[in-house]
Amino acid sequence: MKCKVCRGHAVVDVRRHNAAFCGDHFVDHVRAQVARAIKEFRMFEPEERLLVAVSGGKDSLALWEILLELGYDATGFYLDLGIGSYSTRSKEAATTFAEQIGASLVVRSLSGEHGYTVPDLARLTRRVPCSGCGLNKRYELNRAALEGGFNVLVTGHNLDDEVATLFGNVLHWNVDMLARQAPVLEERMLDPPDAARRVLVKKVKPLVRVAERETAAYAVLRGIDYVVEECPMVEGNTHHRLKEAMTMLEEASPGTKQQFLFGFFKNASRRFHEADSEDPLVACANCGGPTVEWERGDQAVCSFCKTKSLVEARRHQPSPPRRPHRRVR
Amino acid sequence: MKVKLRNPDRVVDVDGPRTVYDVLRTLDMVPEAVLVIRDATLLTRDENLEDTDEIEVRPVLSGGAE
């Protein structure tokens, strides 16, 4: 295959664009796709301060590098989830990369901030690890962005992530989630009487036009040393299965993923959004963060604080007695 | 040829010469879900591989909660 731009030897094929690229022109192509998404969805302006969620994986490291290369003011944020050696290696990848590119990285840990890890959360709440992990990451990222006075929170969700989420939401007709799925979620203030206090920082996904295979190729070509190993708690994860299914369709019919997602943005998301009434936000009685009004009472408490108190309560309880084995005759 | 696979890390033997695409189909892998790397260089699916080559097939889809 030959590079679409210079006719030199191609190293990456992008079948949905009916194109292949040499290393240098592929790097240009990915950066141009990110720049286009930032402009198309009005994500942020050059003078704004960005906080980039960095996991040590390919997407977030590649995105962070691209934003810096495009000249944006992008600080990294790494949250240590306490998932054994996987977290050790991820943290190492994030901190080493930050040093290499001379960028500033804020590092916090769940155990340092709250006294538990993701495996603790899963065990004590008896829920799937990804649900507690996602809730804690969203909470800590938003908190760090508010405390640091950042304008925008940036995440490395790519085309495949957004397609898998859309596919899952459609399969279950999760209309509330469909109303909120967008490359940009605007910042939100508390509703009266506490209005004028920003509680949710604007969130954006600049990799929405870039497939996961392309962020991986970008990372390899740029010599970004990311963690290839999969999170050990993700096994059997629904999101991953949805990605695999969509990738089979993409292999048979290139362009399927992009048509599905961008067709949704163009033709359908507005309909879900119009039919949805956004719940007013009030302050959590415990942490002061946002929670929705239908939970209001004297003690409106956010999901994060509810989960945290459940973990603390169960940590001090003796573990439930094991059921005796039933003898098989 | 030696083919390094990930998650978990292991090495399998595949007879050459073959194209990248043929190696992936032999291993029952979807080309859109992986990158193929030889000597730190990426390979497109039409590249020819010799019996003496050493390549890595790296999965690109990761899981995690939304």
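A residue counts as exposed if 12 or fewer other C-beta atoms lie within 10 Å of its own, and as buried if there are 20 or more. Keep that cut-off handy for the exercises below, and keep in mind that this is a predicted model.

**Exercise 1. Decide whether Glu235(A) is buried or exposed, and place it in the chain.**

Step 1: find the residue. Glu235(A) sits in the loop that runs between H9 and H10 of chain A.

Step 2: count. Glu235(A) has 10 C-beta neighbours inside 10 Å, so it goes down as exposed.

Step 3: look across the chain. Gly115(A) is 120 residues from Glu235(A) in sequence, and their C-alpha atoms are 25 Å apart in space.

**Exercise 2. Do the same for Thr96(A): buried or exposed?**

Step 1: Thr96(A) belongs to helix H3 of chain A, residues 84-101.

Step 2: there are 12 other C-beta atoms within 10 Å, so Thr96(A) is exposed.

Step 3: now check Tyr226(A). Thr96(A) and Tyr226(A) are 130 residues apart along the chain, with 10.0 Å between their C-alpha atoms.

**Exercise 3. Work out which residues touch the most other members of the largest nonpolar core.**

Step 1: start with the core itself, which has 86 residues.

Step 2: pick out the best-connected members. These are Val12(A), Leu50(A), Leu51(A), Val52(A), Phe77(A), Val154(A) and Ala217(A).

Step 3: zoom in on one of them. Leaving out residues up to four places away in sequence, Val52(A) touches Ser60(A), Leu63(A), Trp64(A), Leu67(A), Ala74(A), Thr75(A), Gly76(A), Phe77(A) and Val154(A).

Step 4: don't stop there, as another core of five residues lies apart from the largest one. Its members include Leu135(A), Cys284(A), Cys302(A) and Phe304(A).

**Exercise 4. Describe how the domains of chain A meet.**

Step 1: split the chain. Domain 1 covers 42-277 and domain 2 covers 279-314.

Step 2: get the spacing. The C-alpha centres of domain 1 and domain 2 of chain A are 23 Å apart.

Step 3: count the residues in the contact. Domain 1 of chain A brings 15 residues and domain 2 of chain A brings 13 residues.

Step 4: see where the domain 1 residues come from. Helix H5 (118-125), helix H6 (129-147) and strand E9 (198-200) of chain A each give two or more. H5(A) gives the most, with four residues.

Step 5: sort that side of domain 1 by class, and you get eight nonpolar, three polar and four charged residues.

**Exercise 5. Find which element of chain A gives the most residues to the side that touches chain B.**

Step 1: take the totals first. The contact pairs 33 residues of chain A with 21 residues of chain B.

Step 2: list the elements that supply at least two residues on the chain A side. They are strand E1 (12-14), H6, helix H7 (159-171), helix H9 (212-221) and helix H10 (238-252) of chain A.

Step 3: choose the top contributor. That's H10(A), with eight residues.

Step 4: split the chain A side by class, which gives 15 nonpolar, eight polar and ten charged residues.

**Exercise 6. Work out how H7(A) and H10(A) are oriented to each other.**

Step 1: the axes of H7(A) and H10(A) come within 9 Å and cross at roughly 105 degrees.

Step 2: angles of 65 to 115 degrees count as roughly perpendicular. H7(A) and H10(A) are therefore roughly perpendicular to each other.

Step 3: name the residues that meet. From H7(A) come Asp160(A), Val163(A), Ala164(A), Phe167(A) and Gly168(A), and from H10(A) come Thr238(A), His239(A), Leu242(A), Lys243(A) and Met246(A).

Step 4: by class, this contact has five nonpolar, three polar and two charged residues.

**Exercise 7. Look at the backbone of chain B and say which bond joins Asn7(B) and Pro8(B).**

Step 1: recall the background. Most peptide bonds are trans, and most residues other than glycine have a negative phi.

Step 2: Asn7(B) and Pro8(B) are joined by a cis peptide bond, with omega about 0 degrees. Gly16(B) to Pro17(B) is also a cis bond, with omega near -5 degrees.

Step 3: check phi. Asn7(B) has a positive value near 50 degrees, and Asp39(B) has a positive phi of about 50 degrees.

Step 4: place these two residues. Asn7(B) lies in the loop between E1 and E2 of chain B, while Asp39(B) lies in the loop between strand E4 (34-38) and strand E5 (41-42) of chain B.

Step 5: finish with the neighbour count. Asn7(B) has 12 C-beta neighbours inside 10 Å, so it is exposed. Asp39(B), with 9 other C-beta atoms within 10 Å, is exposed.

Note on methods
Residues numbered from 1 in each chain as written. Chains lettered and ligands numbered in written order. Predicted model: local features only at pLDDT ≥ 70, side-chain atom pairs only at ≥ 80, totals over all residues. Core = buried A, V, L, I, M, F, W, Y, C linked by C-beta atoms within 7 Å. Contact = placed C-beta atoms within 7 Å. Domains from an automatic or database assignment. Nonpolar A, V, L, I, M, F, W, Y, C, P; charged D, E, K, R; others polar. Axes fitted to C-alpha atoms, helices over the stretch in contact; angles between N-to-C directions. Parallel < 35°, antiparallel > 145°, perpendicular 65-115°, else oblique.
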